[in-house]
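Open the model in your viewer and keep the selection tool to hand. The stops below go from charged pairs to the chain interface and then to the core.

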There are 2 protein chains.
Amino acid sequence: MSPARTDHDSRRQDVSEAVWQVLAEHGFGGLTMRAVAAALGSSTGLVTHYFAGKRELIAHALDILEERTAHRPRRAAPAPGLAALRTQMLNILPLTPAAAAMNRIWVGSWDVALSDPDLFAAQSLRYERIRAGLRTSIEEAQQLGEIPDVDPGRLATMVLSFTHGLVVQALFDPERLPAATQTRLVDDFLAALTRETA
Amino acid sequence: MSPARTDHDSRRQDVSEAVWQVLAEHGFGGLTMRAVAAALGSSTGLVTHYFAGKRELIAHALDILEERTAHRPRRAAPAPGLAALRTQMLNILPLTPAAAAMNRIWVGSWDVALSDPDLFAAQSLRYERIRAGLRTSIEEAQQLGEIPDVDPGRLATMVLSFTHGLVVQALFDPERLPAATQTRLVDDFLAALTRETA
DNA sequence: CCGTACATAACAAACGTTTGGCATGTACGC
DNA sequence: GCGTACATGCCAAACGTTTGTTATGTACGG
């Protein structure tokens, strides 16, 4: 009807960015309308103008979380199969400051998501999608003979378990687990996987 | 000194229990003085009488977390080495409702701990202690020739990574990951570990 | 009495949300 | 092309609620 005089989507993304910034610094416990407005240098009115309420703010933040994980400035998968799987794992891990911020938010979201039915369902779906992506690479690897032919779904769960657990430890002890060490652990894990018998 | 007409420590533990209950149901985001008092069927005055403030409440909750993790009604380790390691992993996983509640609180504490320097340090220490426990079993297993002789510290990190990641997935998808499935994943993981070359 | 145990109630601060208003743009009959 | 009509962007302020904390009062065993 009446085109916005300022780009609505662009401005909305500015708000998203502010939300992101607050979450990275103070976690979900510190996410308030005023904090977002302050990070944006605006009033709380602006925030509610683009997001109906705090609930929508959180939901949107979690959406961005998944989207950024998927479309990360990713190392291009050098090859299908096992190499692609390795790349997917590395793309999740906090190997860079930006990735660390993302993971901090991710881990922080679990407390909220575990107590809110809607967010819980959404989060469960997200993990299912991630596992599906891993599973694709696993099946490719199996066809290439790089991984023994055990149930790919179970393998995907194992891979995601290992990766997520490593994320948590890396966040709480970044000095002990720098990027190089994380990468090596991933390689050790994958080496163990490929040796598993069918 | 203490004309205790009620046992101070006992009452204090009642408050702890109420804190536990609130955390299990609503997470750290829902932990308030009034919620604790309500769960206890008392006033907030009672709560503040035993814990100076919310901060102490949280700190105490995390202490309980570690203590309960340590003194879990644990399956006795059937044998040293690999069997003990397996038992330790199973003792962490949410295989029972009580263990699930504990893990839910544990996972939820990460958001708070990641944004509070004191809690962060305390949490890092806790994980180091857990890894130390795992490492002991790993070294035993290595002496028994059950696990190849790679750096036990790195192995402990891998084991904890896998276990914690599995905890998170199990919490978000309990139907897909019942106790039996979790146990099987642990066995698969350990089987892969033992085949790793030195 | 005195100190512990707790309830009651008040408090300021912070919270999410709503509202009124002032701009500033587009749409359109004329 | 111009003025009215209306939608959008955003601020400032206020709303009522909930928060953590503190002060005051009552009951009672020693």
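A salt bridge here is a side-chain nitrogen of Lys or Arg within 4 Å of a carboxyl oxygen of Asp or Glu. The model is predicted, and by this rule it holds 22 salt bridges over all chains.

**Stop 1: A:Arg126.** Select A:Arg126 and A:Asp63; they form a salt bridge, with the closest N and O atoms 3.0 Å apart. A:Arg126 lies in helix α7 of chain A and A:Asp63 in helix α4 of chain A, so the pair ties together parts that are 63 residues apart in sequence. A:Arg126 counts as buried, at 8% relative accessibility, whereas A:Asp63 is partly exposed at 41%. Now add A:Glu66, which also forms a salt bridge with A:Arg126, at 3.9 Å between the closest N and O atoms. This pair again links helix α7 and helix α4 of chain A, across 60 residues. Add A:Arg129 to complete the selection: salt bridges with shared partners join A:Asp63, A:Glu66, A:Arg126 and A:Arg129 into one network.

**Stop 2: A:Arg68.** Stay in chain A and select A:Arg68 with A:Glu17, whose side chains meet in a salt bridge of 3.4 Å, N to O. A:Arg68 is in helix α4 (residues 54-70) and A:Glu17 in helix α1, so this pair ties together parts 51 residues apart in sequence. A:Arg68 is partly exposed at 28% relative accessibility, and A:Glu17 is partly exposed at 37%.

**Stop 3: the interface.** Show both chains. In contact are 42 residues of chain A and 43 residues of chain B, and the area buried between the chains is about 3900 Å², 60% of it from carbon and sulfur atoms. There are 6 salt bridges between chain A and chain B; select A:Asp188 and B:Arg154 for a salt bridge with its closest N and O atoms 2.9 Å apart. Which helix gives the largest share of the side of chain A that touches chain B? Colour α8(A), which supplies 13 residues. By type, the residues on that side of chain A are 18 nonpolar, 13 polar and 11 charged.

**Stop 4: the core.** Select B:Trp110. Among its contacts are A:Val107, A:Trp110 and A:Phe172, as well as B:Tyr127 and B:His164. B:Trp110 is also one of the residues that touch the most other members of the largest nonpolar core, which has 117 residues.

**Stop 5: B:Ser109.** Finish in helix α6 (residues 97-115) of chain B, at B:Ser109. Its side chain reaches the backbone oxygen of B:Trp106 at 2.6 Å. B:Ser109 counts as buried, at 1% relative accessibility, and touches residues including B:Phe28, B:Leu62 and B:Leu65.

Note on methods: Residues are numbered from 1 along each chain as its sequence is written. Chains are lettered from A and ligands numbered from 1 in the order in which they are written. This is a predicted model: local features need pLDDT of at least 70, side-chain atom pairs count only at pLDDT 80 or more; totals for chains, interfaces and linings use all residues. Side-chain values use heavy atoms; hydrogens and water are left out. A nonpolar core is a set of buried Ala, Val, Leu, Ile, Met, Phe, Trp, Tyr and Cys residues joined through side-chain atoms within 4.5 Å. Buried means under 20% relative accessible area, exposed over 50%, partly exposed in between (1.4 Å probe, protein chains only). Contact means heavy atoms within 4.5 Å. Buried area is the accessible area (1.4 Å probe) that two parts lose on being put together, summed over both. Helices (H or I, at least four residues) and strands (E, at least two) are DSSP runs, numbered from the N terminus. Ala, Val, Leu, Ile, Met, Phe, Trp, Tyr, Cys and Pro count as nonpolar, Asp, Glu, Lys and Arg as charged, and the others, Gly among them, as polar. A polar contact is a pair of N or O atoms within 3.5 Å; within protein, one must be able to donate a hydrogen and the other to accept it, and residues adjacent in sequence count only if both atoms are side-chain atoms. Lists of a residue's contacts leave out its neighbours within four places in sequence.
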